[in-house]
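Hi,

Here is the structure I promised to pass on. Have a look at it first, and then read my notes below.

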Amino acid sequence: FGLWDPDSRLLRYACAGAPPAALIPPEGPLRRLRTDGPAVGVDEGVPYECAETEIPRNSILYLFSDGIYEVRRSDEGILGLDRFLDILAEASRGAGETGVEGVVLAVKAACGRTQFEDDVSLAGFYFDA
């Protein structure tokens, strides 16, 4: 869950058991936006940790499900979160295909796959204002 205030440029967020969001500012390294807590609906009444960060202009924020990085490579290993985040950073900095479609193509290429075995969600939010 996230709530962005365009006036202050602050994003308040909670992961609730989901993978971290990936924030790619125009300068500097990719940042993982993570909070601790169980998945939504697992434990009724549990409070969720909330955090906040500033979103610099010309940043990209990616939200995704675990299906996009828990992909089996052709050697039967798993792509993994770290390699997936490298692919996100490369695509966002203009290396190869760009944008969400470019990330999906790069993940498939890195794994030697033409289709995903699991459900996959990937959304990119571009903060140019």
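Gly112 comes just after α2 and takes a positive phi of about 70°. Bear in mind that this is a predicted model, so everything here is read from computed coordinates. As for α2 itself, the helix has 13 residues. From its first C-alpha to its last, α2 reaches 19 Å, close to the 18 Å expected at 1.5 Å a residue. Its buried residues are Gly99, Gly102, Val103, Val104, Val107 and Cys111. If you wonder what they pack against, the buried residues of α2 meet β6, α1 and β7.

Next, the sheet beside that helix. It is an open sheet of four strands, in the order β4-β3-β6-β7, with antiparallel pairing. The edge strands are β4 (31-33) and β7 (122-127), and each of them pairs on one side only. On average, neighbouring strands of this sheet are turned by 25° against each other, direction ignored.

Within that sheet, β6 and β7 run antiparallel and are joined by six bridges. One residue to click on here is Ser59, which lies in strand β6. The bridge partner of Ser59 in β7 is Phe127. Is Ser59 buried or exposed? Ser59 counts as buried, because its relative accessibility is 1%. Leaving aside neighbours within four places in sequence, Ser59 is in contact with Leu23, Ile24, Pro25, Pro26, Phe125, Tyr126 and Phe127.

Both helices mentioned here touch this sheet. α1 lies across β3, β4, β6 and β7, and runs at about 145° to β6. α2 packs on the sheet too, touching β6 and β7, and its direction makes about 140° with that of β7.

That brings me to the nonpolar cores. In soluble globular proteins, nonpolar side chains tend to be buried together. The largest core in this model has 20 residues, and those that touch the most other members are Tyr62, Phe64, Phe84, Leu88, Val103 and Val107. At least two residues of this core come from each of β3 (21-24), β6 (59-64), α1 (81-92) and α2 (99-111). Which of these gives the most? That is α1, with six residues.

Phe64 is a good place to start exploring. Setting aside its neighbours within four places in sequence, Phe64 is in contact with Pro19, Pro20, Ala22, Tyr69, Leu81, Phe84, Leu85, Leu88, Ser121 and Leu122. Apart from the largest core lies another one, of nine residues, and Leu11, Ala21, Ala51 and Phe127 are among them.

There is also a second sheet to look at. Here three strands form an open sheet in the order β1-β2-β5, again with antiparallel pairing. β1 and β5 (51-54) stand at the edges with a single partner strand each, so one side of each has no neighbour in the sheet. The twist from one strand to the next averages 20°.

Two strands of this sheet, β1 and β2, form a hairpin with four residues between them. In the turn, Arg9 has a positive phi of about 65°. β1 (residues 2-5) pairs with β2 (residues 10-13) in the antiparallel sense, over four bridges. To check the register yourself, find Trp4, which stands opposite Leu11 in β2. Asp5, in turn, stands opposite Leu10 in β2.

Last, the cysteines. How many disulfides are there? The count comes to zero. The reason lies in the distance: the sulfur of Cys15 has its closest cysteine sulfur in Cys50, 10 Å away, which is too far for a bond. Seen from the other end, the closest cysteine sulfur to that of Cys50 is in Cys15, again at 10 Å. As for their surroundings, Cys15 is buried, with a relative accessible area of 10%, whereas Cys50 is partly exposed at 41%.

Happy browsing!

Terms used:
Residues are numbered from 1 along each chain as its sequence is written. This is a predicted model: local features need pLDDT of at least 70, side-chain atom pairs count only at pLDDT 80 or more; totals for chains, interfaces and linings use all residues. Side-chain values use heavy atoms; hydrogens and water are left out. A disulfide is a pair of cysteine sulfur atoms within 2.5 Å. Buried means under 20% relative accessible area, exposed over 50%, partly exposed in between (1.4 Å probe, protein chains only). Two strands pair if DSSP finds at least two bridges between them. A nonpolar core is a set of buried Ala, Val, Leu, Ile, Met, Phe, Trp, Tyr and Cys residues joined through side-chain atoms within 4.5 Å. Contact means heavy atoms within 4.5 Å. Axes are lines fitted to C-alpha atoms, for helices over the stretch in contact, and angles run from 0 to 180 degrees between N-to-C directions. The expected span of a helix is 1.5 Å times one less than its number of residues.
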